[in-house]
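Here are a few exercises to help you find your way around a new structure. Try each task first, then follow the solution step by step.

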Amino acid sequence: MDSQSQRLFQQSTVLGVLSLVIAALVAPTTAQAAIEEIVVTAQKRAESVQDVPISVSAFDNSALEARQIDTFSDLQFNVPNVSYSKGNFSGNNFQIRGIGTLLTATSSDSGVGMHVNDVYINSPRIFETEYYDVEQLEVLRGPQGTLFGRNATGGAVNLKTRRPDMDELYGDVELQYGDYDHGKIKGAVNIPIADGIAGRIAGIWVQREGYTDNLLTGDDIDDRDQWSLRGSLRFELGDNTTLDLIGYTFEEDSTRTRSQKQFCNQDPSAILGCTPDGLGTEPINAFATAGNALSSTLLLGPLGVFDFFNQNLDPTTNPGNLRDVRLQYEPEYEAEEDFYMAELVSDISDTLTITAIAAYQDTEVTSRQDYNGTASDTGAAVIPAGFCATVPAACAYFGTTDGGGIPVSTVLDPNASLGAIAGGSEFVLDTRGAGRDLSLAESEQYSGELRLASAFNGPLNFLVAAYYLDFETETDYFVQAPGLDYGAVALALDPAFIGNPDQFLGLAPGYFNSETDAFELESTGIFGELYYEATDTLKFTLGLRWTRDEKFVRDRQVFLNVPVLVDVPSNTTTFVGSDGSFTPVTNISELITAAAGVGDYDADPNIPGGQVYREDDIAFEEITGRFVIDWVPTVDFTDETLVYFSYSRGYKSGGINPPIDTTLFPNTPTSFDPEEIDAYEIGTKNTFWDRTMQANFSLFYYDYGDLQIGKIINRTSLNENTDADIFGAELELLYAPNENWQFNAQVSYLDTELGDTETIDPRDPTQGRQDVTLLKDFVDASNCVVEHNGLGPLSDNAAFVAAVQGAGAPYLPTGRDLGGFGGVPGAVIPTTPNVSDSAFTACAAAAAIAPLFGYTYLDSVGTNLDGNQLLNAPELTFSAGAEYTHFFDGGLSATARLDYYWQDEFYSTTFNRRQDLIDSWDVWNAQVTLYGKDQQWYARFFVQNIEDDDEIVGTYQTDPSSGLFTNAFFIEPRLYGLTVGISLD
C-alpha cells in the first residue's frame, strides 16, 4: 500500500471510529431502539442472520434504498471484499474475496453463482437492470455447493422478489428525475384475487442521456433506455401447500458501451502498437493492427499504396478527458430476457417440507461499438489511385470506379463475402483507421430442483436435494475494419486479374469472426446437509455434494481463410477451390461449407477431412462438501454471541478454450482444468448493549488448486490454470444507539498470492531482455521473439535477412535506412522503445530459418506469476455510513444519510505490471428524505459519487493483432436528482 493509500485508509478508519464514538456519546441522552432483526434463508430455512454460521450480507428493500444500492455494481460499496467490473464482451466480473470470472470462454463457469428466487441463472441480465420490488438480497461469501442447486467457488448472490400478499389490496409508485435528463418510474400493485389466490405486478422504466461525449459527432453516448415487468401469482392449495408462479421480462435499447475508454502509450514503431510501460490517453499505432498492417505498404506497395510512413499519429484523437471519445461508429446495445418459474412448497407432515422449483430463462444481447474510439477528423476517405489502377474491379466493388482517388461512401452489401458481416448491418468502407466490433449472445436454460427438509424436535435434522440444469447458448464476435478489405485483395493478388475491370480475387471473410455455433451444458447435482445439535449451544453441520457437468461446444474462427472470385457487374461471389472447382456462394456459411468440402478450410485438424466447425465435448465429476461447528457461548459483555469454524471443499468445472486458427497457432491448448478450493473460516457474530450494536468478524484462508485465469493472445482467449493462496479478514459493525441515529462500518483485508506458473505475457513479449529481437508478423500482426544466443541482433545479420527475404517474406528492421522502401527516400521506421532490435517480417519464416543460423525462436519470452496478486483484488477496503432521523409533530419525519467507500490500489491483470496498478480511490454518496405520516409518501434528494470521480474498476487487454490496447471500465459519474413516492392502500 503506497503512502497516498495509507493516508486515505487512515482517514477512512478515523471517520468510521469517529462515527461510532459520536453514536456512543449521544446514546445515553435518548431512548434506545434495538436493531431490527434480519431474517435470511441462506441455509434454506428462515433464521436470524446473526445465527447463521456463514459470512452473509443481507439487504431488504428499505436497506437497498437507504444505501442507494440500485444495481449489482453498487454492492461493491456495501459488502466486504466484493468487487465488480464490466467485461469487454457481453459478460461481467462480480468477485467475492478475489474469486469471480477471471477468464473468457463460452464454456467457463462463474466463480459466483447468481440466483433469482433460489434459481441459478447461468447467463444473467440482472447486472444491467435496476432493482425493483425486492424482498431481500443476500450475498454469501465463500464456496457454496451444499445449499444451492449450482456449485460456486467464490460465493452466491440470491435476489428474492416480493411475493403476493393474500390479505390486502395495495400498491406503490415512485418517480425520479435527475441530471443527464435521468428519469425513472417504478411501482407495484398487490391484488387479492379470490380466496387463496393473490397476484402482484411490478415494473420499472429507466431512461437517461449518455455519460460520455463523442467529440467527433457531438452526440452523447452510453445512455440508458430499458424497462422490466414482473408478474407473480400465489395459490394457497390447502393449509400446508403454496404454489408461486413468477415471470418477468426485460428489454434494453440504448447506446450502452461495453468499455468506457481505451488507454495506450503509443509505440512509434508499430511493432507493438502500445508499449508495456503505462496507460496513457494516446491512440494506438494503427499499423500494429491486422486491419492496418494489411492496408500498409508491406502488402499494398505493388498496388501503389505508399501510406506506411504517413500514419496519423495525432495524440489528440484520444482525448485526455476520460468521458470524451472520438467514435466513427456510435454504440448500439440491445438486450432482452424472459424468465419464468414455479415453486411448490408443501409441509407433507409436521416435520417434513418438500420444495420443488422448475424454471426457464432465455436471453439475448447484441452490442456494436467503435473498436478504438480514436477516429480522426478526416472526412470521406480516399482510396489511393494506385490501388484502383491495379485492381479496378475491387475498387469498383468498394465504391470507386475512378483511379483518381474518389471518396468512398458506398455501403457494402451485408451478404457480400468481403467487408460487411453476412446478414449484419451496413458498413461503410473508408481509411480513417476506424473499425468496429459486434458481440452477440443468445442463451436458453431449463432447470429443476427438488428439496426435502426436516424439522424434527430432536437433535438431528437434514436437508437433501437434487438439481438439474440444461443450458444452451450461441455466441458471435466480429471485428470489421476497412484495412481488412484491402488486405483481403492484396493477399490473394493474381496476375490473371490485374487490371480486370470486372473481376478480382480476394480472401474471405474480410472480417474477423469467432463463432460458437452451439455450447451445451448439462449439470446434475445431488447435495444435502446433516445437522446435529450436541447441546443447546453446540451444533455440527456436515454437507456433501456430487456434481457432474457435461459440456459440448461447436465453434470456429474465420478470418481471411478462403479464396473467392468476385464478379462486380453481377455482384456474385464464387469460391475458388484448390482442386480447380468453382462454387457460387451467397453467404459465409455456404462459403465455408464449400471450402471444407475440398479441404481448403478445416476448423478441427483432429478429425480427418475439412471440418466446418470444431466439435469437442468434455465431462467433469466431483464430490465436495463442508463441515461446520457453531457454538453459542455465554459471554458477560454481549447479549448474544455465535462462534463458528467451517471447512469447505469447493469446485468449479473446467472447459474448452475458444476457437483459434489452428493453421497459424497449432499448439494452443484446447481445454483448461477444473479448479478446486480448500476454504477454512473462523468467525464470530455478536450483539451488544441491549441489541443496539452488532459486531461480526471473520478470518478465512483459501488453498486454491488450478485456479482458472485467462489472457487474450493469437486472436483468441487462452485460459490456463495456476495455484493461489488467499487470506483475509472482515469486520462488520452496525450501531443504532437510539431511534434517531444509525451507523454502519466495515473493514476488509485481502491478501492474494498466485503460485509458481510459467506463462507468456502478450503485452510484454521481451520482458525487458536486450538479447532478443522482437518481430511483428506483417500478415496476422502477431509478435514473436528470437534469442540472439550471443550472436548479436538479427537485423545486423545480412545473411539471415537475405534468407528470410529469399523465403518470400519481407524483413524491415526499425531504426535503419530502408533504402527508399515504399517510395520514401531515406525511409526509417522508428525504433521500438526499450527494445534492442525489432523488425517487420513473417514469424513462420523466422521460426524456420532462425535455428539454421544458431538462433532460438520463441513465441514470447516467458514470465512467472509466482507471488503476483489476483486481479481486481484490493488489499484493504473500508466503508462507513451515518444516518440521522428527526421526527416532527404530526407524524412527519426526515432522514439524512451519508455513505463513504474507500478501496486500496489493485492490479487489473494477474501479470502485475506497473501499468496494471490502479490507484486507490474513494466515493461519497448522500441523500435526504422527507416522509409523510406513516410513511405514506416521501420526497428524497439524492447524490451519488459526490466528487464526480471517474474511477477504474477493471480493464481488458487485447492481443498484438489489435495493437495491445487496454480498455477500461469505470464507476458511474456523479448523478443527483429528486425521487418522490407514494403508497396506495
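**Exercise 1.** In this predicted model, find what joins the side chains of glutamate 252 and arginine 256, and decide whether these residues are buried or exposed.

*Solution.* Start with the charged atoms: the two side chains meet in a salt bridge, with 2.9 Å from N to O. Next, check the cover: glutamate 252 is buried, and arginine 256 is buried as well. Finally, look for salt bridges that share partners: Arg97, Arg141, Glu681, Glu730 and Glu732 are joined in this way into one network. The count of salt bridges comes to 45.

**Exercise 2.** Work out which parts of the chain are tied together by the salt bridge of arginine 150 and aspartate 109.

*Solution.* First, the distance: the closest N and O atoms of arginine 150 and aspartate 109 are 3.0 Å apart. Then place each partner: arginine 150 sits in the loop between strand 8 and strand 9, aspartate 109 in the loop between strand 5 and strand 6, so the pair ties together parts that are 41 residues apart in sequence. Both arginine 150 and aspartate 109 are buried.

**Exercise 3.** Compare the cover of the two partners in the salt bridge between arginine 45 and glutamate 47.

*Solution.* The closest N and O atoms of this pair are 3.8 Å apart. Arginine 45 has 25% relative accessibility, so it counts as partly exposed. Glutamate 47 has a relative accessible area of 14%, which means it is buried, as the cut-off for buried is under 20%.

**Exercise 4.** Which strands each supply at least two residues of the negative patch?

*Solution.* Begin with the members of this surface patch, among them Glu251, Asp253, Glu334, Glu336, Glu472 and Glu520. Now turn to the strands: strand 16, strand 19, strand 22 and strand 24 each supply at least two residues. Take glutamate 334 as an example: it lies in strand 19 and counts as partly exposed, at 39% relative accessibility.

**Exercise 5.** Describe the surroundings of glycine 981 in strand 52.

*Solution.* Glycine 981 has a relative accessible area of 8%, so it is buried. Leaving aside neighbours within four places in sequence, its contacts are Val173, Glu174, Gln936, Trp937 and Tyr938. Glutamine 176 is 805 residues away along the chain, yet its C-alpha atom is 8.6 Å from that of glycine 981. For the protein chain, residues 24 or more positions apart account for 70% of the contacts with a separation of 6 or more.

Technical notes. Residues are numbered from 1 along each chain as its sequence is written. This is a predicted model: local features need pLDDT of at least 70, side-chain atom pairs count only at pLDDT 80 or more; totals for chains, interfaces and linings use all residues. Side-chain values use heavy atoms; hydrogens and water are left out. Patches are made of residues with over 30% relative accessible area and no salt bridge: like charges are joined within 9 Å, nonpolar side chains (Val, Leu, Ile, Met, Phe, Trp, Tyr) within 5 Å. Accessible areas come from the Shrake-Rupley method with a 1.4 Å probe; for residues, only the protein chains shown count as cover. A salt bridge is a side-chain nitrogen of Lys or Arg within 4 Å of a carboxyl oxygen of Asp or Glu. Lys and Arg count as positive and Asp and Glu as negative; His and the chain ends are not counted. The place of a charge is taken as NZ of Lys, CZ of Arg, CG of Asp or CD of Glu. Helices (H or I, at least four residues) and strands (E, at least two) are DSSP runs, numbered from the N terminus. Buried means under 20% relative accessible area, exposed over 50%, partly exposed in between (1.4 Å probe, protein chains only). Contact means heavy atoms within 4.5 Å.
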